[in-house]
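Thank you for asking for a reading of this model before you work through it yourself. The numbered points below go from the overall layout to the sheets, the helices and then a few individual residues.

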Amino acid sequence: MIIDIQRIDDAFHMRAVNESGRTVEIDAAPAIGGHDAGMRPMQMVLAALGGCSAIDVIDILKKQRLNLQDIRLRISAKRAENAIPAVFTHIHMHFVLTGAIPDEKAARAITLSVDKYCSVAAMLRSTAEISHSFEILPTTPEQT
């Protein structure tokens, strides 16, 4: 796996490019001279966690032949205060699943992802307590 990062401006705005040419904009907070023109690095870590776990949950439910119509996540996190580095100490992932998914199947898929399969979660667990919750929304007529 290779990621190339190139500076875009004379401050902190950068572009990360993967081997397939896909890009992500990175920037710093305005408080330190950034322009808020991209995700901050720690935000990208949370996005990576959510993406990793969502892929697992989709795959697990698909293998069970359950009709997941949509998945969304909201991830909230707290970082160590007055510390350098300011690592994550608490992360909460809230999954919103749409479809006819039994509660116990959703709970099991999410737990398997967060506790066993997601590589990003495995790395973050060394500094952060990771919790999760979920809700299931019914399928709407447009989604059938």
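1. The chain, taken here as a predicted model, has a secondary structure of 3 helices and 6 strands. Followed along the sequence, these elements come in the pattern β-β-β-α-β-β-α-α-β, and it may help to keep that order at hand while reading the points on the two sheets.

2. On overall dimensions, the C-alpha atoms fill a box of roughly 50 × 35 × 30 Å when this is taken along the principal axes. The chain has 144 residues, of which 28% count as buried. Among the contacts with a separation of 6 or more, 51% are accounted for by residues that stand 24 or more positions apart in the chain.

3. As to the surface, the chain exposes about 9,300 Å², and carbon and sulfur atoms supply 55% of that area. There are 15 positive and 17 negative side chains, and the centres of these two sets lie 6 Å apart.

4. One sheet is open and is formed by 3 strands in the order β1-β2-β3, with antiparallel pairing. Its edge strands are β1, residues 3–7, and β3, residues 23–26, each of which pairs on one side only. Neighbouring strands of this sheet are turned against each other by 20° on average, with direction ignored.

5. Within that sheet, strand β2, which covers residues 14–18, pairs with β3 in the antiparallel sense over 4 bridges. Which residue of β3 is the bridge partner of alanine 16? The partner is valine 24. β2 and β3 also form a hairpin with 4 residues between them, and glycine 21, placed in the turn, has a positive phi of about 90°.

6. A further open sheet is formed by 3 strands in the order β4-β5-β6, and here the pairing is mixed. Because β4 (68–79) and β6 (129–137) stand at the edges with a single partner strand each, one side of each is left without a neighbour in the sheet. The twist from one strand to the next averages 15°.

7. The pairing of β4 with strand β5, residues 88–99, is antiparallel and extends over 11 bridges. An individual pair to look for is aspartate 70, whose bridge partner in β5 is threonine 98. In the loop between β4 and β5 the reader will find proline 85, and the peptide bond that leads from isoleucine 84 to proline 85 is cis, with omega near 0°.

8. Two of the helices can be placed against these strands. Helix α1, residues 41–63, lies across β4 and β5 and runs at about 40° to β5, whereas helix α2, residues 103–117, lies across β5 and β6 and runs at about 150° to β6.

9. Aspartate 36 deserves a separate check, since this residue has a positive phi of about 55° although it is not a glycine. Aspartate 36 lies in the loop between β3 and α1, and it counts as partly exposed because its relative accessibility is 46%. Which residues does aspartate 36 touch, not counting those up to four places away in sequence? With that exclusion, the residues touched are Asp27, Ala28 and Pro30. Aspartate 36 and glutamate 25, for their part, are 11 residues apart in sequence and 9.8 Å apart in space, taken from C-alpha to C-alpha.

10. Arginine 65 should be looked at in the same way, as a residue other than glycine with a positive phi, in this case near 60°. Arginine 65 is placed in the loop between α1 and β4. Is arginine 65 buried or exposed? At 78% relative accessibility it lies over the 50% limit, and arginine 65 therefore counts as exposed.

Note on methods:
Residues are numbered from 1 along each chain as its sequence is written. This is a predicted model: local features need pLDDT of at least 70, side-chain atom pairs count only at pLDDT 80 or more; totals for chains, interfaces and linings use all residues. Side-chain values use heavy atoms; hydrogens and water are left out. Buried means under 20% relative accessible area, exposed over 50%, partly exposed in between (1.4 Å probe, protein chains only). Contact means heavy atoms within 4.5 Å. Accessible areas come from the Shrake-Rupley method with a 1.4 Å probe; for residues, only the protein chains shown count as cover. Lys and Arg count as positive and Asp and Glu as negative; His and the chain ends are not counted. The place of a charge is taken as NZ of Lys, CZ of Arg, CG of Asp or CD of Glu. Two strands pair if DSSP finds at least two bridges between them. Axes are lines fitted to C-alpha atoms, for helices over the stretch in contact, and angles run from 0 to 180 degrees between N-to-C directions.
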